[in-house]
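Got the viewer open and a hand free for the selection box? Let's walk through this one stop by stop.

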Amino acid sequence: MFKRHKSLASERKKALHSQRATRFILKDDMRNFHFLSKLVLSAGPLKPAPAVKHSKTTHFEIEILDAQTRKQMCILDKVTQSSTIHDVKQKFHKACPKWYPSRVGLQLECGGPFLKDYITIQSIAASSIVTLYATDLGRQVSWTTVFLAEYTGPLLIYLLFYLRIPCIYDGKETARRLRHPVVHLACFCHCIHYVRYLLETLFVHKVSAGHTPLKNLIMSCAFYWGFTSWIAYYINHPLYTPPSFGNRQITVSAINFLICEAGNHFINVMLSHPNHTGNNACFPSPNYNPFTWMFFLVSCPNYTYEIGSWISFTVMTQTLPGGLTA
């Protein structure tokens with residue numbers, strides 16, 4: 001009997017322990033379930049997996065024909081849609097080495113306008129095969145070379161006349177007659193004008209990376225160098241007569257010349273750094289600089305100041321060629 005009671009007591013203890021254990025397990029499960037539900041609710045609704053986009057690169061086949069003979073010159077394969085006309089010219093040069101990119105003009109049709117280098121193939125392609133006509137533009141020079149040649153020539157030419165080289169003027173007249181102070185002042189103003197041009201070309205103006213035919217360089221140099229020779233010949237001539245109203249005319253004109261030169265410089269600096277709003281460039285507007293207030297009167301003050309400089313130079317020296325240059 002005593003053994004039987006012991007066994008019953010031990011069985012009851014085991015049952016109580018098992019009941020307590022199951023209660024603890026249920027409580028833990030409830031806590032875990034409660035925590036998991038909170039976690040799911042805080043995460044929000046399930047988002048679908050993003051769809052993977054497979055990019056397809058479109059390639060074009062470009063056929064280049066001679067604009068004069070209409071004969072096929074080459075075919076360029078696997079040209080991407082983002083390629084530009086400049087890229088096409090580079091590939092065309094690799095296929096036909098004698099055709100330099102700067103001398104090639106590409107057209108969509110014979111007699112049509114030449115395509116700009118920045119135009120993309122995608123914008124002009126009507127199908128996967130694009131036909132372009134190539135034209136030899138002749139010898140080309142960069143725009144920077146054109147401007148530097150235009151402005152360096154007048155600077156040196158005027159100094160040659162200012163030095164009164166014997167091959168230009170009569171040596172006897174040169175030795176007998178002294179120069180009027182306005183001759184020295186005119187040389188100083190002329191040098192300032194073209195030195196400013198050269199410095200702005202190198203450091204201010206954003207010159208296009210394109211090219212222009214050699215004949216344009218010759219025509220521009222002929223204009224600038226010819227007018228400079230004409231002006232310098234009369235001002236530095238031994239028989240040159242000073243202005244009619246004397247120092248007052250010279251002083252007022254020289255001051256006005258320097259003001260116009262300074263104004264022209266500040267306007268060119270503003271035009272080289274336009275204001276940007278988003279993707280568009282805004283036209284410059286007047287600011288605290290008094291030289292920019294000319295924008296209230298005209299849209300391109302740099303030309304106004306340029307004309308003012310030459311008019312002042314003409315009045316200061318009282319010569320006709322200077323006025324015709326303006």
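The tour starts with the whole chain, moves into its interior, and then comes back out to the surface.

**Stop 1: the whole chain**

Keep in mind as you go that this is a predicted model. Color by secondary structure and you should find 10 helices and eight strands in the protein chain. There are 326 residues here, and buried ones make up 32% of them. Now think about contacts between residues at least 6 apart in sequence: 70% of these join residues at least 24 apart. Switch on the surface, and you are looking at about 21,800 Å² of accessible area, with 63% of it belonging to carbon and sulfur atoms.

**Stop 2: the largest nonpolar core**

Hide the surface and select Tyr158, Phe313 and Met316. These three touch the most other members of the largest nonpolar core, which has 26 residues. To see where the core comes from, show α4 (143-162), α6 (181-203), α7 (214-235), α8 (246-272) and α9 (301-317), the elements that give it two or more residues each. Which of them gives the most? That is α6, with nine residues. As a rule, nonpolar side chains in soluble globular proteins tend to be buried together.

Zoom in on Phe313 and show what surrounds it. Leaving out residues up to four places away in sequence, Phe313 touches Tyr158, Ala186, Cys189, His190, Ile231, Ile235 and Phe257. There is another core, apart from this one, made of 19 residues; select Val88, Phe92, Cys96 and Val130 to see some of its members.

**Stop 3: along helix α9**

Back to the helix that holds Phe313: select 301-317. Put a distance between the C-alpha atoms at its two ends, and you should get 24 Å; that agrees with the 24 Å expected for 17 residues at 1.5 Å a residue.

Is α9 mostly covered or mostly open? Mostly covered, with 12 of its 17 residues buried. The buried ones include Pro301, Tyr305, Gly308, Trp310, Phe313 and Met316, but polar names such as Asn302, Glu306, Ser309 and Thr314 are on the list as well. Bring back the surroundings and look for what does the covering: α4, α6, α7, α8 and α10 are among the elements involved.

**Stop 4: Cys260, facing α9**

Select Cys260, which lies in helix α8. Cys260 counts as buried because its relative accessibility is 8%, below the 20% cut-off. Not counting residues up to four places away in sequence, Cys260 touches Tyr305, Gly308 and Ser309, which are buried residues of α9. Add Ser312 to the selection: its C-alpha atom is 8.8 Å from that of Cys260, although the two are 52 residues apart along the chain.

**Stop 5: just past the end of α9**

Step on to Gln318, in the loop between α9 and α10. What is its phi? Near 55 degrees, a positive value in a residue other than glycine. Gln318 is partly exposed, at 39% relative accessibility.

While you have the backbone on show, jump to Lys78 in strand β2 (residues 72-80). The phi of Lys78 is also positive, near 55 degrees. Lys78 is exposed, with a relative accessible area of 67%.

**Stop 6: a buried lysine**

From Lys78, go to Lys89, in helix α2 (residues 85-95). Buried or exposed? Lys89 is buried, with a relative accessible area of 8%. Show its surroundings, leaving aside neighbours within four places in sequence, and you will find Lys89 in contact with Pro101, Val104, Leu106 and Asp117.

**Stop 7: a nonpolar patch on the surface**

Turn the surface back on and select Trp230, Tyr233, Tyr234, Leu320 and Leu324. Together they form a nonpolar patch with about 510 Å² of accessible area. Both α7 and α10 (320-325) supply at least two residues of the patch, and α7 gives the most, with three. Finish on Tyr233, in helix α7: this tyrosine is partly exposed, with a relative accessible area of 32%.

Key
Residues numbered from 1 in each chain as written. Predicted model: local features only at pLDDT ≥ 70, side-chain atom pairs only at ≥ 80, totals over all residues. Heavy atoms only, no water. Core = buried A, V, L, I, M, F, W, Y, C linked by side-chain atoms within 4.5 Å. Buried < 20%, exposed > 50% of the residue type's maximum accessible area, 1.4 Å probe, protein only. Helix = DSSP H or I, 4+ residues; strand = E, 2+ residues; numbered from the N terminus. Contact = heavy atoms within 4.5 Å. Patch = residues over 30% accessible without salt bridge, like charges linked within 9 Å, V, L, I, M, F, W, Y side chains within 5 Å. Areas by Shrake-Rupley, 256 points an atom, 1.4 Å probe, with all protein chains shown as cover. Salt bridge = Lys/Arg side-chain N within 4 Å of Asp/Glu carboxyl O. Expected span 1.5 Å × (residues − 1).
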